Each structure stands twice: as structure tokens, then as C-alpha cells.
Amino acid sequence: MKYYLVITLCLCCCMGFSKPDQDIITKDICILGGSEAGFTAAIQAARLGKSVVLIEPTGHPGGMVVEGLGKDIRFGSARVIGGIAREFYIKVEQHYCLEADFEDPSWYSKYEPFVAERTIEAMLAKEKNIQIIRKTRIQEKNGIKKDGKKITKIILENGLEIKAQVFIDASIEGHLIHFAGITTETIREGNAKYTETLNGIQERNTFRQFQIKVDPYLIEGDPSSGLIETVQPGVLGTHGDASKFIQGFCYRMCLTKDPENLIPIEKPENYNSDTYEIYKRYLKKGGTLFAPYPNRHNGKTDVGSWHDLSANLYGKNWKYPSGDYKTQDSIVQYHRDFTLGLIWFLQNDPGVDTVTREKWQGWGLPKDEFLDNGHWPRRLYIRSARRMVSDYVITEYDTHINNRDTISDPVAIAWWPPDMHHARRIVKDGYVYNEGFTHVGGSKSWKPFGISFKATVPKKSECTNLLTPTCLSSSYVGYGSIRIVPTFMVLGQSTGAIASLAIDKKMDVQDVPYGLLQEVLKAHHQILEIPESWLEIISSNN
């Protein structure tokens, strides 16, 4: 029996499963989610002398930084990346014997995912007060215990209990804030709620819209035959009305053509060519599909999806934000199966023209990436999930160029336009139609803005020892300007500081004096001011 036990424990370690060293862990700060914000929050808190436990369900802290997303800096946004985020970019550039150029509006870091992961793991390991719990998540039922307005402990699926003075929800899904009873939102609220113009149903969409007419029906021209895959039933609706449909998710595909580092894409077991009928019809009508090209070091790709027709599965994800674990896991699996099948389809299917097949042929999975997940990213790119609703809500007004108000308590600078991808693919006038994209990146209608400290904390009546850098209090449109990798990194560091000060001062997180917080953040090299030349910087990068 004892030999069986030893073998079992060894297998668990090799497979990456977490085995608790004890039943209860007590720390100053507990962070759920090793996202882009989670690892910076942990480092900042540790540097301020706090003991930290960081829980990362995938087992790999870093969020999309380590899951395939590469081009995460645009519009000159590097100018306001400071603190731990800046440390990260400097370190990954040094790996390639390069220097980060935060002053150049066109600069961005072309790091490979495994290099980003090694960098983040080294940064975390350097801090002696951080304990990482991997490959488990908060228990879905009764996973949180509260005493009045304070969380006292959380219980993980592996049975481990964690007690802390302050908790940080650095997940994208917002499981911790949801289970703690915090008011959240998941839908496109509609324009009326916050006096916006870009929220809700978008009646007219030309950006990333089909420029060719694609028949949506199983039997072309016959509405009674049903709809082909990726097209949903339903009418367009009224412009600006609320909608449960949110912007599409995708995998950021990291592929390679290096024969020494390549694993060919295999035909998925559940592959069905009919699933990709819309791509056949699109190509037959003369459409041009997205294609991989080397845009990061060593010939690798970051194949994103934001086109009229790509791997963004519009309308297939609306159940995700408020879904239970089973629902969320099934949506993630669907996207994985669909995307791997799509690559195989584009490389091999006779319904794909020769030019398109040649663009995709020869690309495969890199041997040196995502070693514990079949060389495929472990995390789906969740662009929008739960958003906290607190006393201060970031809205379209914050992002608008005509907004002359100054945020008095910034904890980060949002330097990105309201950016929400299509949310549905429906039938309009008898043909396929994408609905939901709001793109103002090339216009003169947006500006950088300070993200208020108040947007990171819940209402005091709901919880007094919880923060979030990733599910901030914001409208759907407001969140579209926040949901960027470096912004999350900066926000994570700031919430780590807020949590630490709340402990030092023995006060609720909402009551941390901003003046003191500002001093601490600046001492740790955070950038909290918008350059006077911001418009010139943005214009030079459009």
C-alpha cells in the first residue's frame, strides 16, 4: 500500500496537481487568479512586507501574457507603463538582448509566451513572502465564509482553506466577487443606463463587417432549412438597447513554421467539415481570410481574431460570464475544438482554395510552448465577463475626448479606446451579418484617462476587505478601454498596495487615504499622470 501511495503522489507532482501542505493557510493577503494583475499584486504586497498566497487555476501565473497574446501595446500606451509592469517588459527584452523603448509610440515587445512565463516565475520566486497554489480554484458552493461585511476565509476545490485579512479578485471571471455577494453586471447594459452612445445593440456595423453576401441557411436560399454553424437565430433589435450578447472570445494562436520546433496540427477526433461551411461559402464568394505570419521572436505568431470571419465565435459565449464552472468549461472546450479544427480545415479541406491553404500549410504547434497542455494555450481569451458595480462606475464618459474632468484618485492610466468586438452573427436582409463591434481607435473621439481608486473597491455595504483590478466597476463600454494586459498589470500592483495599506492602518479598503496610497505607488515607480502631449503621441501611432 505504501508503495502505491508514493507512486500516486509522484504522479500528482509530475502532472502539476497541487497537494496542500496543510489544511489551512493563513496569510495577510489572498489573491485569486494569477492573471496579468494577479502576479503584480502579489509582488507589490510582498515588497510591502505582506505575506501573500496566490491561487492560479491554470497553474501558470501571468494571464494572457503567458497564453499567446503578444501585441499588447499600441497607441503609445507604453508611455504610462511603470512599476512592476515596466520591470517585466524590461526583463523580457533583455532576454533577447534588446532594450524596451517606452518613449517610442510604435514600440511593443515581441516576447514568446514561454519567455514571459519564465520571467514572471522568476519575479515571483525572488519574493520570499509569496506562496503559489496551482491548478485548483475556489469551491463553487459555499466557497466563501463571511463575518458581516468581511470575508474570513475561502475554501478551494482541493479542500484547502485560506484565511486572510484582505482578498483580491484578480481573475477575469470574477468568481470571488460573485461568491462574496458583490453586485456585478455581465451584459451590454444599453445606452440609457449610463447615458452612453456606444453601449448595447449596434444597429449599423461597417467595421469588420462582411463585404460579401454569404447565405446563412443550411440549404442556400431556404430559411426553413435552418442556419449553418456560427450563425444564431434572432432579430437585430433596436439600436442602443441592452443585450445579453457580449464580444467574442478566441485563442491567441501561437504557431511556428520552424521544422525543428514544430508539431503538425492533427485532425481532431470530433472534426466535421460541415462545421466550417461558412468559411467555404465565404471563400467561394471571393472573400479573403485571416492568415498567420511571424510577428514575434523566432518566427512565432500571435494570431488574433477580430475580423469579419476568423476564430472569434460571435454569439457562442454569452452564457460564460454568469455560468457555473461546468458551463464555462464547456464553452472553453468548444472554442478549443473549433479552433484546432479550423486550422486543420484551412490547411487540408478541399473546400478551401489553393491560395488560402498555402497561407496556412506548414504552420504547427511549437514544441517549446504550453508543454502541459498539448502545446496549446491553457487560457481562452475572455474579453469580457463579470464587472463589479460599485459607487463609482467607469463609463464611456471617462474615455471621451471632450471629458475635461480630472480623476482625483488615479491608480492607473487607461490608454486604449473603447474597444468591443462583435457580439453576434445573425441574419440580416437574408445574409450573414455581424453585430456589436465598436471601434474608435483611429478616431479623435477618445483619450487616456485615470482609473479611479473607487472603481477597484466594492460598495462598503457589500464587503470591506475585497478589491479587484480585473473586474472593475465599469460599464461594458468603459471596460473596453481597461481590458488590456499592461493596464491590468499596473492595476494589479496598485491593488496590492491598497490591500497592504488597509492592513497597516487597520481599516476598510475603501478608507485607505489616497494621499498615502499615491506616495507609496510613486515610490514604487507607478505612473499616475497623463503626459500633456498625449494627443500628439496617439496621433503619431494611428
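The exercises below, each with a worked solution, concern a predicted model.

**Exercise 1. Strand S2 and its neighbours**

Determine how many residues of strand S2 (residues 52-56) are buried and which way they point, and then establish which strands pair with S2 and in what sense.

*Solution.* Begin with burial, for which the cut-off is a relative accessible area under 20%. Five of the five residues of S2 are buried, and the strand is accordingly described as mostly covered. Next, sort the side chains by direction: Val 52, Leu 54 and Glu 56 point one way, whereas Val 53 and Ile 55 point the other way, and all of them are buried. The general rule behind this step is that side chains in a regular strand alternate between the two faces of the sheet.

Turn then to the pairing. Strand S1 (residues 24-32) runs parallel to S2 and is joined to it by four bridges, with Ile 31 standing opposite Leu 54 of S2. Strand S3 (residues 130-134) also pairs with S2 in the parallel sense, here over five bridges, and within S3 the bridge partner of Val 53 is Gln 131.

**Exercise 2. The helix between S1 and S2**

Identify the handedness of the unit that S1, helix H2 (residues 36-47) and S2 make, and explain why H2 can be called largely enclosed.

*Solution.* The first step concerns the connection: S1, H2 and S2 together make a β-α-β unit, and this unit is right-handed. The second step is the length of the helix, whose twelve residues reach 18 Å from the first C-alpha to the last, a span close to the 16 Å expected at 1.5 Å a residue.

The third step is burial. Eleven of the twelve residues of H2 are buried, so the helix is largely enclosed by the rest of the structure. The buried residues include Glu 36, Phe 39, Thr 40, Ile 43 and Gln 44, as well as Ala 45 and Ala 46. Finally, look at the backbone just after H2, where Gly 49 takes a positive phi of about 85 degrees.

**Exercise 3. A histidine in a loop**

Locate His 297 with respect to helices H7 and H8, decide whether His 297 is buried or exposed, and state how far His 297 lies from Tyr 111 in sequence and in space.

*Solution.* His 297 is placed in the loop between helix H7 (277-284) and helix H8 (325-348). Its relative accessibility is 18%, and His 297 therefore counts as buried, the cut-off being under 20%. As for Tyr 111, 186 residues separate it from His 297 in sequence, while the C-alpha to C-alpha distance between the two is 6.2 Å.

**Exercise 4. Enclosed and open spaces**

Describe the two largest cavities by volume and lining, and then do likewise for the two largest pockets.

*Solution.* A search of the whole structure finds four cavities of 30 Å³ or more. The largest has a volume of about 120 Å³, and of the 13 residues that line it, Met 64, Ile 172, Tyr 381, Ile 382 and Phe 488 are the closest to its centre. By class, this lining has eight nonpolar, one polar and four charged residues.

The second largest cavity holds about 80 Å³ of space; its lining has eight nonpolar and two polar residues but no charged ones. Among the lining residues are Trp 415, Trp 416 and Pro 486, and helix H12 (residues 485-504) gives the most to this lining, with three residues.

For the pockets, start with the largest, in which about 860 Å³ of space lies. Of its 32 lining residues, the closest to the centre are Pro 57, Thr 58, Arg 137, Asp 329 and Arg 378. H8 contributes the most to this lining, with six residues, and the lining as a whole divides into twelve nonpolar, ten polar and ten charged residues.

The second largest pocket has about 670 Å³ of space, and Lys 71, Arg 74, Arg 252, Trp 306 and Trp 416 are the closest to its centre among the 32 residues that line it. Its lining comprises 16 nonpolar, seven polar and nine charged residues.

**Exercise 5. A hairpin**

Work out how strands S15 and S16 are joined and what the turn between them contains.

*Solution.* Strand S15 (residues 424-428) and strand S16 (residues 431-435) run antiparallel and are joined by five bridges, with Glu 435 in S16 as the bridge partner of Arg 424. The two strands form a hairpin with two residues between them, and in the turn Asp 429 has a positive phi of about 55 degrees.

Terms used:
Residues numbered from 1 in each chain as written. Predicted model: local features only at pLDDT ≥ 70, side-chain atom pairs only at ≥ 80, totals over all residues. Heavy atoms only, no water. Buried < 20%, exposed > 50% of the residue type's maximum accessible area, 1.4 Å probe, protein only. Pairing = 2+ DSSP bridges. Right-handed = clockwise from strand over helix to strand, strands pointing away. 1 Å grid on protein atoms, 1.4 Å probe; cavity = no way out; pocket = protein on both sides within 12 Å on 5 of 7 lines; lining within 4 Å. Points joined across faces, edges and corners; volume = space filled by probe spheres on them. Nonpolar A, V, L, I, M, F, W, Y, C, P; charged D, E, K, R; others polar. Expected span 1.5 Å × (residues − 1).
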